[in-house]
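Student: Could you pick one part of this model and take me through it closely? I would like to see how its pieces fit together.

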Amino acid sequence: MCGIYGYIGRNSINEVMGGLKRLEYRGYDSAGIAFIGDNLDCEYADNNEHIKRFKNLTVIKSEGQMSCLEEVINKCLPIGDIAIGHTRWATHGKPSVANAHPHISKNGKWVIVHNGIIENFEELKKQFSPKRFVSDTDSEVVAHLLEKYYDGSALSTLNKVCRMIKGSFALAVLTTYEKDKILVAKYGSPVVVGCDEEAGVVCSDLNSIKVGKCAFILEDNQFAVVEKGNVSVYDENLKPKKLKNMADCHREERGNLGNYSHFMLKEIDEIPRAITRTIEQYNSYEKMRTVLPLNVVRKIKKILIIGCGTAYHAGLIGKRLFEEIGIKSEVEIASEFRYNTFIPEKNTLAIFVSQSGETADTIKALSKCKENNLLTLAMTNVKNSSICFVADRVIYTSAGAEIGVASTKAYNSQVALFYLISSYFKSVLDDNAKDFDREVVKLLDVAKVISHNKIKPICQKVADEIYQSKSIYMIGRGLDYDLAREASLKLKEISYIHCEAYPAGELKHGTISLIDDKTFVFSFITQKMVKDKTQSSEKEISARGGKIIKLTQFEENNAFMQLSLPEVEEKYMPLIAVVYMQLISYYTSVRLGNNPDKPRSLAKSVTVE
Ligand code: M6R
């Protein structure tokens with residue numbers, strides 16, 4: 001989702017372009033940069049729809065990938081000592097040059113980039129003639145408000161304007177009134193500010209900012225003034241604030257493709273390592289106790305799990321594992337939870353699952369639980385991400401950086417962590433630490449069972465069969481249904497084939513009327529208890545011509561295609577089976593000529609509600 005990078009110091013434009021590229025993983029559909037300075041090839045610039053010049057403020061924007069913006073920049077060779085840039089993921093207004101950020105005020109003295117959503121933008125726009133607006137965005141109005149309410153101090157003007165905004169924002173602002181600083185404001189959308197001896201930087205996340213001297217993660221209602229070699233942070237009343245310097249904190253290496261053609265395939269191959277690292281990080285009672293002390297665990301009567309997309313699907317499995325050990329458990333989609341009536345129960349532990357740790361819906365749901373005095377635990381893959389600062393406690397998956405938009409190794413690590421946490425709960429409640437040690441060993445063994453190279457050819461074969469489908473269904477019962485839901489999301493998000501997961505027994509209550517002899521149905525049978533029942537559903541599908549692709553460890557041979565899963569203890573089967581489905585989704589996407597790493601319309605990190 002949108003990314004902000006701003007830089008004051010030498011080669012600011014190169015630095016901003018580099019920063020925006022590091023933020024590319026978030027997903028975007030247009031990009032732009034603004035800088036103060038007059039050095040560029042004027043003849044080229046004056047006749048170019050991508051470039052707007054206002055005295056010594058220049059804005060260059062383009063639709064599409066960063067390479068499009070780069071092409072324009074390489075032709076006009078701008079130089080400036082202060083610049084802000086943005087990658088935009090369209091919310092208000094389609095992807096276009098006009099809607100791309102930065103946005104400039106009418107008098108050309110203010111330019112802004114914005115992440116988040118300004119909910120009252122229609123209302124705010126009424127202060128101006130409609131003719132003033134050149135974009136359909138919610139963000140542009142901020143530039144005009146800064147112009148209108150300028151009071152002689154850039155920071156105080158920004159503070160005044162932010163008080164008018166309803167919604168969420170991370171804003172970086174340049175003004176020709178004070179050419180030596182970048183102003184920053186934060187409410188609800190993440191932003192980090194920092195500096196070196198000769199530079200000042202603003203960036204959407206800690207992993208992408210390049211600074212050695214200081215880096216501060218702004219909190220809501222805070223402002224910052226970024227200058228060469230200095231950053232000052234202020235509260236909402238513009239009183240100076242001291243924040244923890246995070247410059248030396250752990251930063252996640254983004255990693256590179258190596259010999260792979262896509263991050264997604266590389267990340268699927270990394271699953272055994274991701275699970276192993278995650279488990280090893282908490283492989284003893286002592287380590288688990290630092291996250292959840294024994295006295296805390298003993299008091300918990302209910303587990304509430306919240307997340308979005310794949311993280312929510314990991315939570316579905318978590319819920320079953322907690323219920324298996326007798327702890328009442330619920331799982332909710334974060335964006336629904338926020339607006340559902342909530343009846344908090346005493347002694348509930350609320351677990352928030354988020355690979356990125358930046359998902360706005362999940363963080364808002366977390367805040368709601370905190371307001372209701374629940375104990376909160378964040379499960380995230382990104383150290384020092386926003387969620388870590390909001391939750392009471394944090395537990396990390398150690399999957400390593402996940403770049404592909406489709407979550408793969410992070411999901412397996414989240415599920416593995418749910419096995420571990422639920423086993424820890426059981427051991428604490430039974431007062432039997434040995435059980436926990438045994439679970440650690442089992443999980444490390446399960447990680448070894450996944451043998452990618454052996455299964456790739458069959459997954460490719462399945463992709464060759466299904467890639468022309470219009471609609472695909474996936475069925476299972478219990479844990480197999482949870483697995484089907486994740487498998488279905490994976491396939492649809494990167495292949496763009498309509499795909500639905502159904503509880504096997506529910507199909508006959510309506511959806512089966514859609515099945516004909518062109519329909520592929522994936523059937524998951526990994527749980528003995530429901531084997532016969534799911535087989536009956538398969539028969540109903542076959543009777544209507546539907547083609548079953550079955551994933552099972554049981555000996556069966558009655559499907560259009562069958563993928564024989566390696567056998568591990570039943571409860572771990574989803575962890576194994578999902579890898580087949582991740583690979584099938586990947587190969588289907590590639591077969592269709594899509595880029596699985598950057599599926600259309602999707603962002604890696606969804607920072608708006
Ligand atoms: O970073 P998060 O885990 O909070 O992200 C949640 C979802 O946006 C994410 O899992 C999404 O569904 C993925 N594209 C799935 O592959």
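Tutor: Happy to! Helices (H or I, at least four residues) and strands (E, at least two) are DSSP runs, numbered from the N terminus. This is a predicted model, in which local features need pLDDT of at least 70, side-chain atom pairs count only at pLDDT 80 or more, and totals for chains, interfaces and linings use all residues. Residues are numbered from 1 along each chain as its sequence is written, and side-chain values use heavy atoms, leaving out hydrogens and water.

Let's look at the sheet. Eight strands form an open sheet with antiparallel pairing, in the order E3-E4-E2-E5-E1-E11-E10-E12; two strands pair if DSSP finds at least two bridges between them. At the edges are E3 (51–54) and E12 (214–217), each pairing on one side only. From one strand to the next, the twist averages 10°.

Now zoom in on one pair. E2 (residues 30–36) runs antiparallel to E4 (residues 57–63), and seven bridges join them. Ile36, for example, has Leu57 in E4 as its bridge partner.

Helices pack here too, with contact meaning heavy atoms within 4.5 Å. Helix H1 (residues 12–22) packs on the sheet and touches E1 (3–8), E2 and E5 (82–88). The direction of H1 makes about 155° with that of E1; axes are lines fitted to C-alpha atoms, for helices over the stretch in contact, and angles run from 0 to 180 degrees between N-to-C directions. Helix H3 (residues 66–76) lies across E2, E3, E4 and E5, and runs at about 140° to E4.
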